[in-house]
Amino acid sequence: MGDRSGAGSSRRRRTGSRSSGQGGGGPAAAAEDVRDAIAGPDVGARGDAPALVPDKDGDAGVSSGPLDLRCHRLQDSLFSSNSGFSNYRGILNWCVVMLILSNARLFLENLIKYGILVDPIQVVSMFLKDPYSWPAPCLIIVANVFIVAAFHIEKCLAAGTMTEQVGLLLHVANLVTILCFPAAVALLDKSITPMGSALALTAYTILFLKLFSYRDVNLWCRQHRAKSKAASAGKKASGDSAQGAVSYPDNLTYRDLYYFIFAPTLCYELNFPRSPRIRKRFLLRRLFEMLFFIQLQVGLVQQWMVPTIQNSMKPFRDMDYSRIIERLLKLAVPNHLIWLIFFYWLFHSCLNAVAELMQFGDREFYRDWWNAESVNYFWQNWNIPVHKWCLRHFYKPLVRRGNSKWMARTGVFLASAFFHEYVLSIPLRMFRLWAFTAMMAQVPLAWIVGRIFQGNYGNAAVWLTLIIGQPMAVLMYVHDYYVFNYEPSTAGA
Ligand SMILES: CC(C)(COP(=O)(O)OP(=O)(O)OC[C@H]1O[C@@H](n2cnc3c(N)ncnc32)[C@H](O)[C@@H]1OP(=O)(O)O)[C@@H](O)C(=O)NCCC(=O)NCCS
């Protein structure tokens, strides 16, 4: 936390200002000239002055004559933008210290008020109602049927035993079933818990996106094969196969498909970049982080978020707006902290651990979304696997077909809104469209924030939407779930 560069930079700043004075331009130069004029021709700083008496260290600049006692010069205060000073590292450290202190106080207050609420058994019961019935893991195992179906459709298409139209029809049927089948099970099977159901639906959503990509890429390969056949009949070896890489249709193997299914990407490729070896220390660190941060998230949810949410129900029932806002702001802190931990846990620890195990080379799972000065920049950088899929399989094809960028962007957010609602509403068995609305609101929000705020203000606006927007959605869902399930007289109102 030390400020090693602070002194250096202020020293540099002073030197810089002096040299600009010597350069003869700007107010600093004018000030030097004024000083020289006041001092007279003999005492200027330009060599015609009486020689300065060197001190005992031989430093001519630190002599003790009355003319060298000048301690003022024309300069701005550090906080003025004209000063050019930009090193606020110490203030950042102060923010961190204040954050830790204020959260430590909140933590203590919470402990004194509620005691220890962390309960690992309760976590298990959130996933399993009956220890002899495991519907969510069973659902995930059944997903293999759809993987095998997609594989055989592609095999037939590659061999030419199925027309493209039939193949498309079968793929669409397969993909629609991937979304409908788990949703039906989650809605009809009473033994599945909301958490188990959300987990299974997320797995099926990922499978849907992966098999969509698998179908698209194999189709592109067939189109490419047909084109190159037409262009040069008999010339088989393409650039890829010349380098020893897998080429279509040799990629159509179970091994290749299952590598893609488990790889930390949603975009299929015939030849993924591979890392040369598994780094054991790196892998162990990521595994340790995975275990540690999941415990931390569960602990923070149970100890900090749940009581705050429970205390928010009364203001909601009474429609006491000032109390609702107070609860919202109170919830914003733990919610945001947990979301940040979740981001690191998922995108850095988990995806890197899986990638390391599978020697998957492309580790760009996130970019610097925290510097986002616009909402668009945030969506382009926070979840790279999803963003890449959206661009490659949805946005660019739509734009290439002549749709405007605005239309294509709205289409992507519509699909994203649908999937967000899908993994929330079905497990909770209520359709309130809060997540859908929140995702759709990103399009006008991006426009408004981009219009009004730029630079640091834009960055602050993005942070604010993240910090306030999420707890709002959480409160809406929890409130509605509570009303739906625990207040029968108002259920469905
Ligand atoms: C909608 C979305 C895809 C728009 O992305 P964007 O980066 O703002 O789009 P841009 O208009 O800047 O263009 C992006 C790409 O399309 C390309 N493109 C633009 N016009 C094109 C055209 N006419 N033909 C082909 N390509 C085109 C650009 O060159 C650019 O390519 P590059 O990324 O290889 O440089 C993005 O905001 C997004 O991913 N949103 C959804 C995110 C989401 O829901 N995430 C869920 C997380 S839980």
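In this predicted model, helix H10 (residues 280-318) and helix H17 (residues 455-486) make a good starting point, since their axes come within 10 Å and cross at roughly 70°. Angles of 65 to 115 degrees count as roughly perpendicular, and H10 and H17 are therefore roughly perpendicular to each other. As for handedness, the crossing of H10 and H17 is right-handed.

The backbone has a few oddities worth a look, and they turn up in loops. Take the stretch between helix H8 (239-242) and helix H9 (254-262), the loop where Pro249 sits. The peptide bond leading from Tyr248 into Pro249 is cis, its omega being near 5°.

Another loop, the one joining helix H14 (405-428) to helix H15 (434-440), holds Arg429, and Leu433 is found between H14 and H15 too. Arg429 is not a glycine, yet its phi is positive, near 55°. Leu433, likewise no glycine, has a positive phi of about 60°. How buried or exposed are these two? Arg429 has a relative accessibility of 30%, so it counts as partly exposed. For Leu433 the figure is 44%, which again means partly exposed.

Over on the surface, there is a nonpolar patch built from Phe79, Tyr88, Ile91, Trp94, Val97, Met98 and Leu101. Together, these residues offer about 740 Å² of accessible area. One of them, Leu101, belongs to helix H3 (residues 89-114). With a relative accessible area of 53%, Leu101 is exposed, because the cut-off for that label is over 50%.

Note on methods: Residues are numbered from 1 along each chain as its sequence is written. This is a predicted model: local features need pLDDT of at least 70, side-chain atom pairs count only at pLDDT 80 or more; totals for chains, interfaces and linings use all residues. Side-chain values use heavy atoms; hydrogens and water are left out. Patches are made of residues with over 30% relative accessible area and no salt bridge: like charges are joined within 9 Å, nonpolar side chains (Val, Leu, Ile, Met, Phe, Trp, Tyr) within 5 Å. Accessible areas come from the Shrake-Rupley method with a 1.4 Å probe; for residues, only the protein chains shown count as cover. A salt bridge is a side-chain nitrogen of Lys or Arg within 4 Å of a carboxyl oxygen of Asp or Glu. Helices (H or I, at least four residues) and strands (E, at least two) are DSSP runs, numbered from the N terminus. Buried means under 20% relative accessible area, exposed over 50%, partly exposed in between (1.4 Å probe, protein chains only). Axes are lines fitted to C-alpha atoms, for helices over the stretch in contact, and angles run from 0 to 180 degrees between N-to-C directions. Angles under 35 degrees count as roughly parallel, over 145 as roughly antiparallel, 65 to 115 as roughly perpendicular and the rest as oblique. A crossing is left-handed if the near helix is turned anticlockwise from the far one by less than a right angle, and right-handed if clockwise.
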